[in-house]
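Please look over the following structure before reading on. The questions below concern its helices, its strands and the confidence scores.

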Amino acid sequence: MTLEEKLVILADGAKYDASCSSSGSKRRDSNGLGSVAYSGICHSFASDGRCISLLKILMTNCCIFDCKYCLNRKSNNIKRAIFTPEEICTITMNFYRRNYIEGLFLSSGIIKSPDYTMELLIKTIKMLRYKYHFHGYIHCKAIPGASNQLLKELGCLVDRLSANIELPTANGLKLLAPNKEENKVTKIMSYVKENRNASFVPAGQSTQMIVGATKETDLDIMNKSESLYKSYDLKRVFYSAYIPVNKDKLLPALTTPPLLREHRLYQADWLLRFYGFKTKDLLDEDNPNFNILMDPKANWALRHLDEFPKEINEATYYDLLKVPGIGIKSAQRIIACRQNFKITFNDLKKIGVVIKRAKYFITCNHQYFINSNYFHKSFIETNLILEDSIKDESLKEQLSLFS
Amino acid sequence: MKNIYLYDDSFSSLLNLINKLLELKIIPLDIKTKKDFTPTLLDEPITLELNKSFNIQSINVSKKIIKTVYYVYLSTDPKKELIIYYFLLNALKYQDKIFYMRTLKCVNSTLKLAKRISNECHKLKGFLRFKEMNNHVLYAEASPTNNVLELLSNHFAKRLKNEIWIIKDVGRNMYSIYYKPKYYIVSGQNINIQKFNISCDEENIEKLWLSFFKTIGIEARKNSRCQMNFMPKKYWPYIIEMERVYEKSNNG
């Protein structure tokens, strides 16, 4: 098998992992090849619009597990391959020198045992760091079930570690990934959380959930994310729209992946992490799924119209963040600007507020943008949905939240 | 008659001139480089006697303001000199508070332009593609809208510090040549690098990358529109994985 054939097989097996970020690391190294950029750098964009910043490959696609949704499961009859550590190092170094990539994302199927697989991963990355003096970004998958000693060794070599939780409930996991146990994944997470510092997993840890392979609702997923962020200080939870790669009676027969649903989850994820929202604000037992027609924030605002309109010149930072069309940057700018003068509607555009969304929910100097009699739910809802349907095309560009 | 003040293309000469204008309380109608100035009947070019020992630090503003102004200087906006003049005029008065005064026209333009430059630089940090020459020198070409060669060089001097590399700004015919520990920016008129050949291994590595690039996209999620939004077409001719797509789309 040529190196190119191997690369194709092992990149194909790795591509369903959503994470590709190369941000969050501040390591400094004096010599060798490479550096890290705190903001992360995207080097290319694949045909599906997702950013390519890391060389995302499996060490091997051989696996002793038989997870129903996974391309590399034991019972699938596909071509199998394994990279030697030298091969991985050569490809990484050559791509990195030419500025194709920001670093390496190494994952692997499980061969023999979790510990054995982990040892191979460590051997590879050690070689890359010490023999080839590579100082670029490395994201590595931790293998559930491996010993803490190995986890410690790996964590000191990489920028980011991750272990995928895959499904939001233990039932879902039991159904589709009978060999995987949730507590083995969370064990990794708590170990990383407790030991994280500038030289151990400096860019933090992340995880991924598959969306749409089981019957779980958005509420289940968001509750899981919220508790993961809270308990383990995760940097990111990634959501991956389920794409049928295997036929199995336990799996839904989807024709297209639920991309819009995935997009709504990412939007809600941002609301949790940066906007001070809680899952219970956005969803409840009666409405366990997001409105496909409208983003979660606008949807929330419409259900809580009694809290609006907010006065731009008086509202607190977190109140401003609740307004659709106002983000972190524009909220900060509003706060800073209004110390010097009163803000008018004309100023808001320069500040960076998305006026066509925000105007329904705010007043400037106690003035509504049109006659305030129009401030009622049906008027605003119709206009917002109309606005969205015009740019329906751009809705599909959901991966803008990835970078 | 319209007075036009001239400076000789360098950043410090521009600041020196603006500093002088502020000192003399002159409000310029236009500022241009000597190179860009074409005489007309209505324009009166003026070259002021400038302070020879001028030091940028002598302007009483923070480093952050100077950095912002420097980014604007790198842009191609025809009015950039005047924008810098008015921005500095206000910055002297308001200091760092100025970053929150976007409602002033000059501040808004300055911050927008500075953002545009840092965006383009950030994009190219990712999109630049080096090829290895037969003498192990890495060579890359780009044609950025703004003059980001120096900013890019700073980045790659850290990242590829043990390599020898050359980045060519095709549009401006400028080269940045790095030889540890420094890079030198020179005009294309002064050097000749045609003699190098691409290393024999290069084609194999490129082939590997192209296969990886093709494999990593998920067919069921195909979205060329989104791909193009993030990776604008103007960069395609210099990105090896897009080069072929670009040529195809241009030939019909």
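What follows is a short set of questions and answers on this structure.

This is a predicted model, in which local features need pLDDT of at least 70, side-chain atom pairs count only at pLDDT 80 or more, and totals for chains, interfaces and linings use all residues. Residues are numbered from 1 along each chain as its sequence is written, chains are lettered from A and ligands numbered from 1 in the order written, and side-chain values use heavy atoms, without hydrogens and water.

Q: Which element of chain B has the lowest mean pLDDT?
A: pLDDT is the predictor's confidence in each residue, from 0 to 100. Chain B averages 90, and 98% of its residues score at least 70. Among the elements of chain B (helices are DSSP runs of H or I, at least four residues, and strands are runs of E, at least two, numbered from the N terminus), the highest mean is 96, for α2 (residues 63-73), and the lowest is 77, for helix α8 (residues 240-250).

Q: Are α1(B) and α2(B) roughly parallel or roughly perpendicular to each other?
A: Axes are lines fitted to C-alpha atoms, for helices over the stretch in contact, and angles run from 0 to 180 degrees between N-to-C directions. Helix α1 (residues 11-23) of chain B packs on α2(B) at about 115 degrees, with the axes 11 Å apart. Angles under 35 degrees count as roughly parallel, over 145 as roughly antiparallel, 65 to 115 as roughly perpendicular and the rest as oblique. The two helices α1(B) and α2(B) are therefore roughly perpendicular.

Q: How many residues in the contact of α1(B) with α2(B) are nonpolar?
A: Contact means heavy atoms within 4.5 Å. B:Phe11, B:Leu14 and B:Leu15 of α1(B) meet B:Ile66, B:Val69, B:Tyr70 and B:Tyr73 of α2(B). Ala, Val, Leu, Ile, Met, Phe, Trp, Tyr, Cys and Pro count as nonpolar, Asp, Glu, Lys and Arg as charged, and the others, Gly among them, as polar. The contact has no polar and no charged residues, and the nonpolar ones number seven.

Q: Which are the edge strands of the open sheet in chain A?
A: Two strands pair if DSSP finds at least two bridges between them. Six strands of chain A lie in the order β3-β4-β5-β6-β7-β8, with parallel pairing. Two of them pair on one side only, and these edge strands are β3 (54-58) and β8 (236-241).

Q: Which residue stands opposite A:His139?
A: Strands β5 (residues 137-141) and β6 (residues 160-162) of chain A pair in the parallel sense over three bridges. Opposite A:His139, in β6(A), stands A:Arg160.
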